[in-house]
Amino acid sequence: MSNQNRPCYLGIDVGGTNIKVGLTDDVGTVLGAAKVETDTDEGLKAGIDNLEAAVREVLTKCQVTLEQVQGVGLACPGPMDLKTGQLLNLTNLPSWRNIPVRHIVEERLGRPVVLQNDANAAAYGEYWAGAARGSEISVLWTLGTGIGSGIVIKGEILEGAHSHAAECGYLIVETEHGREHPEGGYHGTLEAYASSRAIIARCNSQLKMGAQSSLQKLYRDHEEITPLMIMQHAEQGDGFAHGLIMEVARYLGVGTVSLMHTVDPEMVLIGGAMTFGQNATRTGRDFLERIKQEIQKRAFPIPAQKTRIEFAQLGSEAGFIGAAGCAAKAFPVGA
């Protein structure tokens with residue numbers, strides 16, 4: 001069957017800065033994509049207007065009408081009630097708090113919509129069309145400003161009784177004088193040690209105390225240091241920068257062992273915006289190897305030996321591909 005004759009699905013990935021929209025067929029092939037600003041400063045209506053504009057752009061590009069779309073998957077960040085389609089207390093999308101987002105998007109687009117957590121959607125995308133394709137149990141870490149995760153078991157996203165399953169960035173990895181979670185209220189969480197906010201905070205703190213590093217000039221010049229800059233300096237042989245990244249890997253390895261001992265996955269994927277170049281850089285390869293070393297030290301022998309630890313494949317498209325996959329599952333042809 002050609003792509004033109006296959007059912008098609010829209011995937012929408014709403015982030016604090018951008019909304020990504022993609023059209024896929026029923027096996028996850030991307031037919032077209034677009035990205036627009038979320039416009040959180042302008043409020044909810046502006047965000048929904050931008051979402052619809054991106055949808056229209058993709059459909060025009062693909063020469064498809066909304067009526068030909070079988071269903072829509074909507075991936076959003078933060079706490080939500082999946083059964084009712086409600087977003088709850090989102091911290092990075094203030095104007096989207098406590099709204100019936102599924103109903104709003106259904107009304108705007110006139111197509112059936114399924115709501116999913118963004119990290120869960122990305123994990124499903126990797127299962128449906130990425131590195132975890134065909135696996136029975138898989139876990140995805142999404143590393144960025146925070147840490148998200150998703151767990152897929154036998155083709156089903158682990159959602160939990162209260163739509164809060166797999167919030168594994170909140171795993172406790174330090175109980176004695178643990179660092180405060182960036183959003184406050186929690187101490188010793190994985191996110192407080194292994195997110196981009198965490199590595200930047202530790203970098204600046206150590207530089208302030210006089211750490212020997214080529215990053216010192218950036219710090220003295222009051223430049224905003226990013227994980228990408230830290231990786232670039234590590235690639236150039238800066239031991240301090242390399243050590244910061246290895247600390248992230250160590251804590252991520254600790255968190256991964258907890259998940260391995262909970263769901264016993266076939267594979268654990270590392271994705272998101274902060275993967276240090278993945279296998280294309282020495283630093284990325286060292287990062288993955290350090291995670292594996294921590295797992296070897298701490299996990300039960302058989303899972304330690306057999307669980308595959310790899311980088312994710314779908315990159316920034318994972319969210320909308322997974323959202324489209326959720327729509328394909330929720331709204332199959334003929335149902």
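Biologist: Before we get to the hairpin, what makes a stretch of this chain a strand, and when do two strands pair?

Modeller: A strand here is a DSSP run of E with at least two residues, and two strands pair if DSSP finds at least two bridges between them. Do keep in mind that this is a predicted model.

Biologist: Thanks! How do you know that E1 and E2 pair?

Modeller: Strand E1 (residues 8-14) and E2 share 7 bridges in the antiparallel sense, and the definition asks for at least two, so they count as paired. In one of these bridges, Ile 12 has Val 21 of E2 as its partner. A hairpin of 3 residues links E1 to E2.

Biologist: What joins E2 to strand E3?

Modeller: Another hairpin, with 4 residues between E2 and E3. Gly 28 sits in that turn and has a positive phi of about 95 degrees. The pairing of E2 with E3 (residues 30-37) is antiparallel and runs over 7 bridges, and Ile 19 stands opposite Val 36 in E3.

Biologist: Why is strand E2 called largely enclosed?

Modeller: Buried means under 20% relative accessible area. Of the 8 residues of E2 (residues 18-25), 6 are buried, so the strand is largely enclosed by the rest of the structure. For the protein chain, 52% of the 335 residues count as buried.

Biologist: And what makes the protein chain as compact as a globular protein of its length?

Modeller: The chain holds 11 helices and 12 strands. Its radius of gyration is 20 Å, close to the 20 Å that the globule rule gives for 335 residues, so the description fits.

Notes
Residues are numbered from 1 along each chain as its sequence is written. This is a predicted model: local features need pLDDT of at least 70, side-chain atom pairs count only at pLDDT 80 or more; totals for chains, interfaces and linings use all residues. Side-chain values use heavy atoms; hydrogens and water are left out. Buried means under 20% relative accessible area, exposed over 50%, partly exposed in between (1.4 Å probe, protein chains only). The radius of gyration is taken over C-alpha atoms; the globule rule is 2.2 Å times the number of residues to the power 0.38.
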